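Please open the model in your viewer and set it to a cartoon with side chains available on demand. The tour below goes from one selection to the next and says what is to be found at each stop.

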Amino acid sequence: MKDCFVNEKKENLETLEEKILEDANSFDTIVVLCLGKYEETFSPYLTFASKVGTILKANQILVYGEETNPILIDSKLPKVSREIVETHCNPFVLVVMNSVSDAKKTVGNIYYESKFYENDNILVGDATLSLCGSFGKKKEEYDTNSLSMDLVNEMATEIALLLIKVVNKKQELKNVEKEEVIRKLEKETQN
């Protein structure tokens, strides 16, 4: 696969940052859920999501799914989803995962949807961010039509850094809102 798309895609990350912040606006916190699939345990698939999760965890970001403890799309996923909602106050759950395409031209694209992830009657999250890491119709085709591991790791790092920035901005906005409420209450009590 051609590895030249990264610089072209980086300019789209700023727009992605704004969109995630907009979608997470009415929520108290952002939780990232990094997903992989059992049949996708070879190179680019599980690697992208778990690499993103590992970087986020190292930076104290609320994340489920990383290299030492991957979260797979299976019967346990609804339990993990419930745990997130029950553990965190009003969380915006961002699902991060890899995807496969039928078309070569979409490989390397980052996709963001302002809706939950759905698979076999499993609904999870509030938004989905995915990297199209391969194309083909059969597993045998994926092996020869996938991004290189170096490129998958580079994109995972870029997305993780973007998400760290988003979570930090969300926290800053929350702190500003808190300060405004405190000032307003102080002003009311003085009158």
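Begin by selecting helix H2, residues 13–24, together with helix H6, residues 149–190, whose axes come within 10 Å and cross at roughly 40°. Keep in mind throughout that this is a predicted model. Because an angle from 35 to 65 degrees counts as oblique, H2 and H6 are oblique to each other, and the crossing in which H2 passes H6 is right-handed. To see what makes this contact, show the side chains of Leu 13, Leu 16, Glu 17, Ile 20, Leu 21 and Ala 24 on H2, and on H6 those of Glu 158, Ile 159, Leu 162, Leu 163, Lys 165, Val 166, Lys 169 and Lys 170. Coloured by class, the contact of H2 with H6 shows nine nonpolar and five charged residues, with no polar ones.

Stay with H6 and select its two end C-alpha atoms, which are 61 Å apart; at 1.5 Å a residue its 42 residues should span 62 Å, so the two values agree. Next, colour H6 by burial, and you will find a series of buried residues, among them Leu 151, Val 152, Met 155, Ala 156, Ile 159, Leu 162, Leu 163, Val 166 and Lys 170. When looking at how such positions are placed, it helps to recall that an α-helix has 3.6 residues a turn, so residues three or four places apart point the same way.

Three serines make the remaining stops. Select Ser 50, which lies in helix H3, residues 43–58; is Ser 50 buried or exposed? Its relative accessibility is 7%, and Ser 50 therefore counts as buried, the cut-off for buried being under 20%. If neighbours within four places in sequence are left aside, Ser 50 is in contact with Glu 66 and Glu 67, which can be added to the selection.

Move on to Ser 75, placed in the loop between strand S3 (71–72) and H4. With a relative accessible area of 69%, Ser 75 is exposed, because exposed begins over 50%. Add Asp 120, which is 45 residues apart from Ser 75 along the chain, and you will find that their C-alpha atoms are separated by 10.0 Å.

Finish at Ser 81, found in helix H4, residues 77–87. Ser 81 is buried, its relative accessible area being 17%, and, not counting residues up to four places away in sequence, Ser 81 touches Leu 123 and Val 124.

How values were computed: Residues numbered from 1 in each chain as written. Predicted model: local features only at pLDDT ≥ 70, side-chain atom pairs only at ≥ 80, totals over all residues. Heavy atoms only, no water. Helix = DSSP H or I, 4+ residues; strand = E, 2+ residues; numbered from the N terminus. Buried < 20%, exposed > 50% of the residue type's maximum accessible area, 1.4 Å probe, protein only. Contact = heavy atoms within 4.5 Å. Axes fitted to C-alpha atoms, helices over the stretch in contact; angles between N-to-C directions. Parallel < 35°, antiparallel > 145°, perpendicular 65-115°, else oblique. Left-handed = near helix turned anticlockwise from the far one by under 90°. Nonpolar A, V, L, I, M, F, W, Y, C, P; charged D, E, K, R; others polar. Expected span 1.5 Å × (residues − 1).
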